[in-house]
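Grab a coffee and work through these exercises with the model open beside you. Try each task before you read its solution.

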Amino acid sequence: MFHIILFGPPGSGKGTQSEKLIATYGLKHLSTGDLLRTEISKGTVLGNEAKKFIDIGQLVPDEVVIGMISSELDANPDRGFLFDGFPRTQAQAEALDKLLKFKKSEIGVFLSLDVSEEELVRRLLNRGLTSGRTDDTNEQIIRARIAEYKMKTTVVADYYSQFDKVVVVNGEGTIDEVFNALRKEIDARRHQKLQ
Ligand code: B4P
């Protein structure tokens, strides 16, 4: 089974590219952002707790997110996963590796989208005009999310680079250009794994 992590700052295009990648490779899409927003819209205890953090641009506590991922892995034992927006902290990365090891599996490639801060802010404010997402409408909150990413999430790339899994892809072309660059990297790694 080939599992992919799609990594990058808020607004780098993880959700956008994930839609295209799952259609191409038949992977199970696992977006922690989407899972959390579903819980919020249902008004569950977990969702109400998560909303407090999301609304101020902070990460949701690790134990909440890791619990959600663990259930999804258990519910889909024979699928390759595309992890979108997860892991976002070193604790999440270590927990994921442990869960996969237990299933005698591992991450195939860690794809990191590289986009400048000004472009991220522009994209998220633009999405906020139509998405209704409360974390996309206020520039201060967007900048807090980017600061949170720099403080807690960039270390995740360092963690995976020790296993030689990290590939940085320019996330500033058109959606199709970025997609083709991601595809090239995935195909190269899958080919290596099959040999
Ligand atoms: P997420 O839902 O993961 O989303 P995101 O980081 O906001 O955006 P993404 O990178 O997916 O951007 P998109 O493709 O949509 O996180 C939301 C919040 O949930 C977090 O802040 C956090 O609080 C919480 N959370 C989620 N996972 C967590 C975890 N593991 N641990 C703790 N907390 C967690 O693209 C953005 C916009 O750019 C779109 O409008 C798109 O159309 C546009 N765009 C995309 N590609 C483009 C391109 N190439 N050119 C121009 N525009 C482009």
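Before we start, a loop only makes sense once the elements around it are fixed: helices (H or I, at least four residues) and strands (E, at least two) are DSSP runs, numbered from the N terminus. Also keep in mind that this is a predicted model.

**Exercise 1: the fold**

Work out how many helices and strands the protein chain has, and in what order they come.

Solution. Start by counting: the protein chain has eight helices and five strands. Next, walk along from the N terminus, and you read β-α-β-α-α-α-β-α-β-α-α-β-α. Now for overall size: the radius of gyration of the protein chain is 16 Å, close to the 16 Å that the globule rule gives for 195 residues, so the chain is as compact as a globular protein of that length. Finally, along the principal axes, its C-alpha atoms fill a box of roughly 50 × 35 × 30 Å.

**Exercise 2: backbone oddities**

Find the residue that F86 is joined to by a cis peptide bond, then find the loop that holds K104.

Solution. Take F86 to begin with: its cis partner is P87, with omega at about -5 degrees. Then place P87, which sits in the loop between β3 (81-84) and α5 (90-102). Moving on to K104, you'll find this residue in the loop between α5 and β4 (107-114). Check its phi too: K104 isn't a glycine, yet the angle is positive, about 55 degrees.

**Exercise 3: the shell around the ligand**

Sort the residues around the ligand by class, and find which helix gives the most to the shell.

Solution. First, the head count: 29 residues surround the ligand, and T16, T32, Q58, R127 and R145 come nearest. By class, that shell splits into nine nonpolar, twelve polar and eight charged residues. Then look at the helices: α1 (14-25), α2 (32-42) and α6 (117-131) each supply at least two shell residues. The top contributor is α2, with four residues.

**Exercise 4: polar contacts and burial**

Find the distances from ligand oxygen atoms to S12, G13 and R88.

Solution. Begin with the backbone: an N or O atom of S12 lies 3.4 Å from a ligand oxygen, and a polar backbone atom of G13 is 3.4 Å from a ligand oxygen. Now the side chains: an N or O atom of R88's side chain is 3.0 Å from an oxygen atom of the ligand. Stepping back, the protein covers 88% of the 1,000 Å² of accessible area that the ligand has on its own. As for the site, the space taken by the ligand is the largest pocket.

Technical notes:
Residues numbered from 1 in each chain as written. Predicted model: local features only at pLDDT ≥ 70, side-chain atom pairs only at ≥ 80, totals over all residues. Heavy atoms only, no water. Near = heavy atom within 4 Å. Polar contact = N/O pair within 3.5 Å; in protein donor to acceptor, adjacent residues only side chain to side chain. Areas by Shrake-Rupley, 256 points an atom, 1.4 Å probe, with all protein chains shown as cover. 1 Å grid on protein atoms, 1.4 Å probe; cavity = no way out; pocket = protein on both sides within 12 Å on 5 of 7 lines; lining within 4 Å. Sits in = over half its atoms within 2 Å of the grid points. Nonpolar A, V, L, I, M, F, W, Y, C, P; charged D, E, K, R; others polar. Rg over C-alpha atoms; globule rule 2.2 N^0.38 Å.
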